[in-house]
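User: I work at the bench and would like a close look at one strand in this model and the parts around it. Once that is clear, please take me on to the rest of what you can see.

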Amino acid sequence: MAGLINEEDLATVRERSRIDEVVGSYVTLRRAGGGSLSGLCPFHDEKTPSFNVNPARGFYHCFGCGEGGDVIAFVQKINNVSFSEAVEFLADRVGVQLRYSDGGGQRMEPGLRLRVLEANQQAAEYFAGQLTGSGALPGRQFLDSRGFDKTAAEQFGIGFAPTGGRDLGQHLKARGFTDAELVKAGLIRENGWDFFQGRVLWPIRDAGRSVLGFGARKIFDDDRMPAKYLNTPETIVYKKSNVLYGLDLARQNIAKKSQAVVVEGYTDVMACHLSGVDTAVASCGTAFGDDHARLLQRMLGTGDVAGGEVIFTFDGDAAGQAAALKVFKGDQNFLSQTYVAVEPTGLDPCDLRIQQGDAALRELVGRRVPLYQFVMRNVLAGYDLDRVDGRLAALRAAAPLVSSIRDESLVLGYIRELSKWLGMDPDEVRREVKVTVQRRGHQAERKHDHDHDRDEALPGMPEPKESLPVPDPRDRRLEAERGTLRLLVRAPETFSDGWNGLTTDDFVHPTYRALFESVLAAGDGPGNWTQRILHANPDPVLEQLLVTLAVEPGMRDATEGYSREYSSQLRVLTVSRQIADLKSKLQRTNPLDDRPAYDKMFARLVNLETRRKELLTLATGPAI
């Protein structure tokens with residue numbers, strides 16, 4: 001872990017990263033009036049621009065799909081990367097050297113990450129240039145034997161590490177890199193020798209196409225390194241548990257198609273992409289793990305279990321079955337449906353393409369079966385289904401798999417399939433699955449009771465907060481609340497010190513009220529106005545509302561009079577509610593039984609009516 005990004009550096013990155021320039025490198029923006037820019041949304045298909053950018057406030061929002069946020073959020077979404085990766089991307093773009101801290105201590109020397117990335121990029125260019133030399137003939141022959149021509153090599157940036165031993169280090173040091181920088185980048189060893197020698201190399205890039213490291217294959221029999229494949233050692237930018245080869249090429253297609261195909265090697269990724277399976281990725285130098293799963297889920301970008309699919313390619317042998325079972329154990333990391341594409345002949349995707357062509361590879365992915373089904377068939381294979389006790393034991397082993405299926409619409413079909421495989425009555429299978437679900441429920445209740453008892457033993461633990469409801473922007477009854485908040489967010493300078501007399505009681509909707517409370521709590525301090533509002537209550541619903549209000553059209557140039565008119569309209573509504581409540585109470589009060597109370601309420605009613613007339617005089621601007 002690199003630690004937390006220094007707050008000052010984070011603020012500098014935000015300040016220097018103009019959202020119109022960053023978004024403009026992905027989207028064609030045109031002036032939309034009121035200082036805003038508009039264009040076609042990059043996150044969903046549309047013909048009429050509904051994507052708005054407000055450079056003054058530093059926010060973007062799409063009124064078509066609802067996506068919105070600041071410049072960091074945009075980079076996260078467009079590049080499918082984490083918050084820290086987005087900050088690092090922007091920092092490199094604007095030349096900020098990030099500092100990382102953990103309890104205040106610096107964890108990385110300033111500028112090192114940027115220098116490592118620069119060294120990796122130049123190394124990738126050097127290796128690619130070496131592939132055409134005479135010494136790289138064995139490398140070109142290897143690629144040709146795997147069905148890859150010069151065009152394919154250039155597309156994937158494949159290179160060759162010379163056999164000299166110090167060629168890369170000398171090349172990069174001549175361009176200003178120090179030994180220490182190259183060692184920390186994993187490009188040379190402590191003794192000065194190149195880390196990669198006499199091998200074919202694949203550059204491993206992140207979603208933003210920065211070169212993080214390399215994967216290298218052995219092609220010479222006298223290679224001193226016995227491993228067939230060799231990867232860049234762990235560095236400040238290369239963590240093998242957090243990188244996937246091919247992600248730079250597959251990123252947009254994964255998000256667009258809501259599909260990811262996971263294969264086992266570099267050549268398999270190449271074969272898939274060249275065959276039209278352009279969502280393929282592979283882990284680098286390690287087995288596919290939980291971090292890879294979470295990374296892919298971010299790429300898919302959907303919380304709908306039926307909204308995407310992850311397809312693993314495994315051989316039909318024992319090793320492939322074991323790999324599938326391992327993936328199944330970590331399947332809870334996916335919200336998407338998980339599938340297995342099995343090649344019965346044992347060919348990997350690259351060999352399948354060589355022997356049977358591109359169409360065969362596409363068909364392999366097309367023949368995918370649900371991971372649960374694949375695992376269940378393998379579980380049943382371990383029991384003697386010709387015996388009654390064997391079938392019962394197999395059912396009890398498979399029932400937990402069926403009961404764990406997230407898509408409830410598939411459960412009934414799986415029960416029928418399982419009963420067919422077992423040769424048992426579907427009702428009997430259904431009962432056993434039901435018993436398993438109930439047993440799991442009892443276990444969950446016991447765990448809940450245990451957790452509750454533990455929480456009671458720990459005084460001071462806060463109750464979980466309920467999420468705020470999302471207000472409907474089309475609700476005409478709340479137009480005054482929304483319009484007033486839009487002014488508070490975008491033109492706070494047009495309000496008096498007391499916010500024109502507004503109080504939390506003026507806001508009926510709980511989310512609008514919460515946002516006004518954040519406005520009251522924002523005060524003066526570091527960061528711009530909208531950042532201080534968010535800091536007062538970093539609720540995701542409030543953040544999205546704030547972003548929307550910051551870029552929402554329909555507001556004329558704000559003046560003190562305009563804000564006073566809007567505030568007065570909102571206060572008129574508050575007084576009107578108070579009058580209605582008081583009239584209702586007066587109707588329920590008998591003046592003969594409690595004359596003093598009745599007279600007091602009547603006097604208050606007169607005062608409220610007078611106050612309402614005064615506010616109506618001020619509220620002569622936009623209609624409610």
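Analyst: Happy to help; I will start with one strand and its partners, then move outward to other parts of the model.

This is a predicted model, in which local features need pLDDT of at least 70 and side-chain atom pairs count only at pLDDT 80 or more, while totals for chains, interfaces and linings use all residues. Residues are numbered from 1 along each chain as its sequence is written, and side-chain values use heavy atoms, with hydrogens and water left out.

The strand to look at is β10, which spans residues 199-205. Strands here are DSSP runs of E with at least two residues, helices are runs of H or I with at least four, and both are numbered from the N terminus. β10 is mostly covered, with seven of its seven residues buried. Buried means under 20% relative accessible area, exposed means over 50%, and partly exposed lies in between, using a 1.4 Å probe and protein chains only. R199, L201, P203 and R205 point one way from the strand, while V200, W202 and I204 point the other way. Residues on both sides are buried, the two arginines R199 and R205 among them.

Now for its partners. Strands of a sheet pair through backbone hydrogen bonds, either parallel or antiparallel. Two strands count as paired if DSSP finds at least two bridges between them. β10 is joined to β9 (residues 159-161) by three bridges, and these two strands run antiparallel. Within that pairing, A161 has R199 as its bridge partner. With β11 (residues 211-218), β10 shares seven bridges, again antiparallel. Here V200 stands opposite R217. β10 and β11 form a hairpin with five residues between the strands, and R209 takes a positive phi near 75° there.

The approach to β10 is worth a look too. Q197 sits in the loop between α9 (179-184) and β10. A polar atom of the Q197 side chain lies 2.9 Å from the backbone oxygen of D194. The side chain of Q197 also makes a polar contact of 3.2 Å with the side chain of R224. Such a contact is a pair of N or O atoms within 3.5 Å; within protein, one must be able to donate a hydrogen and the other to accept it, and residues adjacent in sequence count only if both atoms are side-chain atoms. On the other side of this loop, helix α9 holds L182, which is buried at 0% relative accessible area. The C-alpha atoms of L182 and A119 are 7.2 Å apart, although 63 residues separate them along the chain.

Elsewhere, an open sheet of five antiparallel strands runs in the order β2-β3-β4-β5-β6. Its edge strands, β2 and β6, each pair on one side only. β2 (residues 30-33) and β3 (residues 36-39) are joined by three bridges, and R30 stands opposite S38. These two strands form a hairpin with two residues between them, where G34 in the turn has a positive phi of about 65°. Three bridges also join β3 to β4 (residues 51-54), with S38 opposite N52.

β6 also turns up at the largest pocket, where it is among the elements that supply at least two lining residues each. The pocket has a volume of about 1,200 Å³. A pocket is an open set of points on a 1 Å grid over the protein atoms alone where a 1.4 Å probe fits, with protein on both sides within 12 Å along at least five of seven lines; lining residues have an atom within 4 Å of a point. Grid points are joined across faces, edges and corners, and the volume is the space filled by probe spheres set on the points. The lining has 40 residues, with R14, D70, N528, Q531 and L534 nearest the centre. α22 gives the most, seven residues. By class, 19 lining residues are nonpolar, eleven polar and ten charged. Ala, Val, Leu, Ile, Met, Phe, Trp, Tyr, Cys and Pro count as nonpolar, Asp, Glu, Lys and Arg as charged, and the others, Gly among them, as polar.

Finally, the cysteines: the structure holds zero disulfides, a disulfide being a pair of cysteine sulfur atoms within 2.5 Å. For C272, the nearest cysteine sulfur is that of C350, 9.3 Å away. C272 is buried, at 1% relative accessible area, and C284 is buried at 0%.
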